[in-house]
Amino acid sequence: MRLTRKLVFENHVAVVTGASQGIGRAIALGLAAKEAMLFLVGRNTAALHEVAELARKSSPRVVAHATDLVAEGATTIIAEKILQELGGLDMLIHCAGAYSQGGLQTASIDEFDRLYRTNVRMPYLLTQSLLPMLKRRQGQIAFVNSSKGLQAHANAGQFAATQHALRAIADSLRDEVNSDGIRVFSVYPGRTATPRMETIFQAEGREYKPELLLQPEDIAEVVVNTLMMPLTAEVTNITIRPRIKSY
Ligand SMILES: NC(=O)c1ccc[n+]([C@@H]2O[C@H](COP(=O)([O-])OP(=O)(O)OC[C@H]3O[C@@H](n4cnc5c(N)ncnc54)[C@H](OP(=O)(O)O)[C@@H]3O)[C@@H](O)[C@H]2O)c1
């Protein structure tokens, strides 16, 4: 049992989904700074390779895997590639996700299905594909959820429903795999300055002032520090919100 806090992730492999931008990008770079080996996933090939290049400045090994995670068979291919290229897995960080706004009376059911496939079914399936590898190394799983996974508000009901489902998946999974030595935690951030948030502010017709919001690096710091906790401890749920509430 490791009683002290980890200082670096030497010889540890992490998968980060949604690594091409925003919070996932910051987590990828935060883990690279702690010398973790990385398997980065996103759809935008150019953006993903740019993050991989930056990560290689401190990480000993970085694999960029551009794919649409909801595509049939995508998660099985990821499991095979990780084994082939990195030999195993210690940490799975779920950060890819989709968002949409709209009230229940008019919101599109196709959009609801898209959010379900991306925010619920995909992380479920990816976890299922990677769990055997994580069990072999007593690994860790992080779910980047949302404050809306704890409290729903008007006009984001579809998104909030998927985040509540994701919370249920994380909580039940923790109960199932704790006895295998696996730790599972969820982070519930409030509004964070990412490309997604800029689009939301535009849609709301509001001036975007990213400096007043949480920064992607704030979330990354919480995730990396939690992953480094000594093995005597298990953090389960963390909420983090912008310090300034009036904006
Ligand atoms: N920003 C916030 O205020 C906030 C607050 C609370 C929680 N969160 C959560 O934090 C996570 C990241 O948020 P963010 O703001 O950084 O989001 P973002 O800017 O919209 O980035 C989303 C990321 O997910 C990837 N992605 C989405 N669908 C994918 C798919 N089908 N296959 C592969 N990759 C896919 C995107 O990849 P490509 O761009 O390459 O397609 C991108 O890297 C989300 O789960 C979100 O719900 C965000």
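Quick bit of vocabulary before you click anything: Ala, Val, Leu, Ile, Met, Phe, Trp, Tyr, Cys and Pro count as nonpolar, Asp, Glu, Lys and Arg as charged, and the others, Gly among them, as polar. Keep in mind, too, that this is a predicted model.

**Stop 1: the second largest pocket**

Select Tyr124, Thr127, Gln128, Leu131, Ile169, Ser172, Leu173 and Glu176, and you have the lining of the second largest pocket. Two elements, H4 and helix H5 (157-177), each give two or more residues to that lining. The pocket's volume is about 170 Å³. Colour the lining by class and you should get four nonpolar residues, three polar and one charged.

**Stop 2: the cavity**

Now stay on helix H4, residues 109-136. How many cavities of 30 Å³ or more does the structure hold? Just one. The largest cavity has a volume of about 50 Å³. To see what surrounds the largest cavity, select Leu69, Val70, Ala71, Glu72, Gly73, Thr75, Arg117, Arg121, Met122 and Leu125. Helix H4 brings the largest share of this lining, with four residues. By class, the lining comes out as five nonpolar, two polar and three charged residues.

**Stop 3: the ligand and its shell**

Next, pick the ligand and show what is around it. You should find 27 residues in the shell, with Ser20, Arg43, Asn44, Thr192 and Thr194 the closest. Run the class colouring again: 14 residues of the shell are polar, nine are nonpolar and four are charged.

Which helices supply at least two residues each to the shell? Highlight helix H1 (22-33) and helix H6 (195-203). H6 gives the most, with three residues.

**Stop 4: zoom in on the contacts**

Time to turn on distances. Start with Asp68: one of its polar side-chain atoms sits 2.9 Å from a nitrogen atom of the ligand. Then move to Thr192, where the partner is a backbone N or O atom, 2.7 Å from an oxygen atom of the ligand. Finish on Arg196, whose side chain has an N or O atom 2.9 Å from a ligand oxygen atom. With a cut-off of 3.5 Å for a pair of N or O atoms, these pairs count as polar contacts.

Last, drop a surface on the ligand. Taken alone, the ligand exposes 890 Å², and the protein buries 92% of that.

Note on methods
Residues are numbered from 1 along each chain as its sequence is written. This is a predicted model: local features need pLDDT of at least 70, side-chain atom pairs count only at pLDDT 80 or more; totals for chains, interfaces and linings use all residues. Side-chain values use heavy atoms; hydrogens and water are left out. A residue is near a molecule or strand if one of its heavy atoms lies within 4 Å of it. A polar contact is a pair of N or O atoms within 3.5 Å; within protein, one must be able to donate a hydrogen and the other to accept it, and residues adjacent in sequence count only if both atoms are side-chain atoms. Accessible areas come from the Shrake-Rupley method with a 1.4 Å probe; for residues, only the protein chains shown count as cover. On a 1 Å grid over the protein atoms alone, a cavity is a set of points where a 1.4 Å probe fits but cannot get out, and a pocket is an open set with protein on both sides within 12 Å along at least five of seven lines; lining residues have an atom within 4 Å of a point. Grid points are joined across faces, edges and corners, and a volume is the space filled by probe spheres set on the points.
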